[in-house]
Amino acid sequence: MSARDTILARIRQNRPAATALPDIHAVPFIRYDDQFAAFATLIRNLGGDAVQLPDGQSVADVVAARWPDAGRTVDLTVPQHEEVDDPHAWHDVDVAIVPGQLAVAENATVWVSHPDNRFRSIYFLTQKLVLVVPREAMVDTMRDAYARIQLAEHGFGAFISGSSRTADIEQSLVMGAHGAMAALVIFV
């Protein structure tokens, strides 16, 4: 018997007894009386913002009012949106408007899984990320979200929350380190 086989045999002999998994249905989960208020409060604490689309306004109107001097804007929520052949082509996007399929009030995240976006780099290269989510597509918890999403939808999906930030041990905060410097969620 090789040394490897001896080690593996000893590990198998000393394996701890199996432990039953907890009953996740026995624990009451969070429910919000006002999901939008919970979502908006948390995303603002994370450096982003959330609004409900006012009657008579378009997403483009809200974005133009928020960032009147925005540079290159790409809107993937419209049928005839800009196409690129290389993910690096998104490098100079100032505002990206993308569809979000689901919002989670518990942690102010939005599930994105867009079949027409061949290059997911736009989510992370843009300076300002606008996520457009149907009002009825809000759930209370991540548990609720995982029950609704289809993980094999298009080969890519991610939960995105707030604007990107990071801090080092010296407490130097850097905005936009791993993605957009600003995030806005518009509920339509």
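What joins the side chains of Lys128 and Asp94? I will start there and then move to the sheet. Please keep in mind that this is a predicted model.

The answer is a polar contact of 2.7 Å between the side chains of Lys128 and Asp94. Lys128 is found in strand β6, which covers residues 128-133. Is Lys128 buried or exposed? Its relative accessible area is 17%, and the cut-off for buried is under 20%, so Lys128 counts as buried. Setting aside neighbours within four places in sequence, Lys128 is in contact with Trp67, Asp94, Val95, Ala96, Ala180 and Ala182. Asp94, the partner in the polar contact, is thus among the residues in that contact list.

Now the sheet. There is an open sheet of four strands, in the order β7-β4-β5-β8, and its pairing is mixed. The edges are β7, residues 138-139, and β8; each has a single partner strand, so one side of each has no neighbour in the sheet. As a general reminder, strands of a sheet pair through backbone hydrogen bonds, either parallel or antiparallel.

I will spend most of the time on β5, residues 109-112. On one side, β5 runs antiparallel to β4, residues 102-104, and three bridges join the two strands. Two of the pairs can be named: Val104 has Thr109 as its bridge partner, and Ala103 has Val110. β5 also pairs with β8, residues 158-161, again in the antiparallel sense, over four bridges. There, Val110 stands opposite Ile160 of β8. So Val110 appears in both pairings, across from Ala103 in β4 and from Ile160 in β8, with the strand definition resting on DSSP bridges.

Which residues of β5 are buried on each face? Thr109 and Trp111 are buried on one side, Val110 and Val112 on the other, and both faces of the strand are covered.

Next, the turn. The hairpin of β4 and β5 has four residues between the strands. Ala108 sits in that loop, and its phi is near 55°, a positive value in a residue other than glycine. Ala108 has a relative accessible area of 0%, which means it is buried.

What is in contact with this loop? One residue is Leu42, in helix α2. Leaving out neighbours within four places in sequence, Leu42 is in contact with Ala105, Glu106, Asn107 and Ala108. Leu42 and Ala108 are 66 residues apart in sequence, yet their C-alpha atoms are 6.0 Å apart in space. Leu42 itself is partly exposed, with a relative accessible area of 25%, whereas Ala108 is buried.

Last, the surface. Ile24, Val27 and Phe29 form a nonpolar patch there, and together they have about 260 Å² of accessible area. Phe29 lies in the loop between α1, residues 3-13, and α2, residues 35-45. Why does Phe29 count as partly exposed? Its relative accessible area is 36%, and partly exposed runs from 20% to 50%, so Phe29 falls in that class.

To recap: Lys128 is buried and has a polar contact with Asp94, β5 pairs with β4 and with β8, and Leu42 is in contact with residues of the loop, including Ala108. That is all I have.

Methods. Residues are numbered from 1 along each chain as its sequence is written. This is a predicted model: local features need pLDDT of at least 70, side-chain atom pairs count only at pLDDT 80 or more; totals for chains, interfaces and linings use all residues. Side-chain values use heavy atoms; hydrogens and water are left out. Patches are made of residues with over 30% relative accessible area and no salt bridge: like charges are joined within 9 Å, nonpolar side chains (Val, Leu, Ile, Met, Phe, Trp, Tyr) within 5 Å. Accessible areas come from the Shrake-Rupley method with a 1.4 Å probe; for residues, only the protein chains shown count as cover. A salt bridge is a side-chain nitrogen of Lys or Arg within 4 Å of a carboxyl oxygen of Asp or Glu. Buried means under 20% relative accessible area, exposed over 50%, partly exposed in between (1.4 Å probe, protein chains only). Contact means heavy atoms within 4.5 Å. A polar contact is a pair of N or O atoms within 3.5 Å; within protein, one must be able to donate a hydrogen and the other to accept it, and residues adjacent in sequence count only if both atoms are side-chain atoms.
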